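User: Hi! I have a model open and would like to go through it with you. Could you help me find my way around?

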Amino acid sequence: MRLFYSPTSPYARKILVLLAEVGKSDAVTLEAASGTPVNAGTAPLAQNPLGKIPALEREGACALYDSRVITRYLDTHFEAGFYPQGARLWDTLTLEATADGILDAAILMVYETRVRPEEKRFDDWVEGQWAKVDRALDAMENRWMAHLHGPLDMGQIAVACALGYVDFRHDARNWREGRPALAKWEADFAARDSMKATVAPS
Ligand SMILES: N[C@@H](CCC(=O)N[C@@H](CS)C(=O)NCC(=O)O)C(=O)O
């Protein structure tokens with residue numbers, strides 16, 4: 001399998017963490033790729049017409065995207081069990097979607113300053129994106145800690161990668177302030193080998 005990725009992509013990191021957790025990092029060949037909404041660059045357009053990474057090329061089968069489809073596929077393929085059976089599945093999927101929503105907002109904030117010309121920038125829109133992140137982090141602190149401390153699943157991996165990305169790109173927002181439980185959980189999770197092996201290069 002070939003994974004189109006970038007070492008700074010938090011969506012790709014979820015996949016790399018999953019693979020590391022199941023001891024299957026060697027099962028994919030990594031192919032660096034990147035693009036933006038205004039320049040597809042080296043994005044794998046043949047594998048993903050949306051021009052986004054990650055995308056997973058498979059032998060004799062169609063390429064997979066987006067990251068949640070890829071993690072679900074790899075979880076099944078390697079029988080990882082990171083998408084639990086029964087009622088906990090819906091919590092896991094909702095937590096995963098919340099973490100990915102944080103990433104979607106956090107990345108749009110980055111594009112706003114990196115990609116959009118200065119005279120076209122819209123500060124209220126950027127702050128609206130951060131408000132989404134802020135609310136989602138509050139929900140984790142107030143509602144999700146019991147789940148986060150449960151058996152390892154894809155919701156937890158997604159949250160850890162989202163928090164890592166907020167640190168990486170939005171450190172100045174100081175997300176830990178007022179969220180001691182989530183901050184402690186993040187510090188513990190970040191010490192896992194799978195997380196240490198996939199830290200974005202600065
Ligand atoms: N929902 C997608 C989001 C992927 C995504 O936005 N990736 C970024 C890089 S981290 C990208 O390729 N952006 C290029 C673009 O938006 O055109 C997923 O989970 O895979």
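User: Let's start with helices α1 and α2: at what angle do they pack?
Analyst: Happy to help! This is a predicted model, and in it helix α1 (residues 10–21) packs against α2 at an angle of about 10°. Their axes are 9 Å apart. Since angles under 35 degrees count as roughly parallel, α1 is roughly parallel to α2.

User: Which residues in α1 and α2 meet?
Analyst: From α1 you have Tyr-11, Lys-14, Ile-15, Leu-18 and Leu-19. On the α2 side they meet Ser-67, Arg-68, Ile-70, Thr-71, Leu-74 and Asp-75. By class, that contact has six nonpolar, two polar and three charged residues.

User: Ser-67 caught my eye. How far is its polar side-chain atom from the ligand oxygen?
Analyst: A polar side-chain atom of Ser-67 lies 2.6 Å from an oxygen atom of the ligand. Ser-67 is also listed among the closest of the 13 residues that surround the ligand, along with Lys-52, Ile-53, Asp-66 and Tyr-111.

User: And what about backbone atoms, say of Thr-36 and Pro-37?
Analyst: For Thr-36, a backbone N or O atom sits 3.5 Å from a ligand oxygen. For Pro-37, a polar backbone atom is 3.3 Å from an oxygen atom of the ligand.

User: Switching to the sheet: what is the strand order?
Analyst: The order is β2-β1-β3-β4, in an open sheet of four strands with mixed pairing. β2 (29–32) and β4 (61–64) are at the edges with a single partner strand each, so one side of each has no neighbour in the sheet. From one strand to the next, the twist averages 20°.

User: In which sense do β1 and β2 pair?
Analyst: Strand β1 (residues 2–5) pairs with β2 in the parallel sense, over four bridges. Arg-2 stands opposite Thr-29 in β2.

User: Which helix packs on the sheet?
Analyst: Helix α2 (residues 67–77) does, touching β3 (55–58) and β4. The direction of α2 makes about 45° with that of β3.

User: Last one: how do α6 and α7 pack?
Analyst: Helix α6 (residues 154–170) and helix α7 (residues 180–190) pack at about 100°, with axes 10 Å apart. Angles of 65 to 115 degrees count as roughly perpendicular, so α6 and α7 are roughly perpendicular to each other.

User: Which residues make that contact between α6 and α7?
Analyst: Gln-156, Ile-157, Val-159, Ala-160, Leu-163 and Asp-167 in α6 meet Leu-182, Trp-185, Glu-186 and Phe-189 in α7. Those residues divide into seven nonpolar, one polar and two charged.

Note on methods: Residues are numbered from 1 along each chain as its sequence is written. This is a predicted model: local features need pLDDT of at least 70, side-chain atom pairs count only at pLDDT 80 or more; totals for chains, interfaces and linings use all residues. Side-chain values use heavy atoms; hydrogens and water are left out. Two strands pair if DSSP finds at least two bridges between them. Helices (H or I, at least four residues) and strands (E, at least two) are DSSP runs, numbered from the N terminus. Axes are lines fitted to C-alpha atoms, for helices over the stretch in contact, and angles run from 0 to 180 degrees between N-to-C directions. Contact means heavy atoms within 4.5 Å. Angles under 35 degrees count as roughly parallel, over 145 as roughly antiparallel, 65 to 115 as roughly perpendicular and the rest as oblique. Ala, Val, Leu, Ile, Met, Phe, Trp, Tyr, Cys and Pro count as nonpolar, Asp, Glu, Lys and Arg as charged, and the others, Gly among them, as polar. A residue is near a molecule or strand if one of its heavy atoms lies within 4 Å of it. A polar contact is a pair of N or O atoms within 3.5 Å; within protein, one must be able to donate a hydrogen and the other to accept it, and residues adjacent in sequence count only if both atoms are side-chain atoms.
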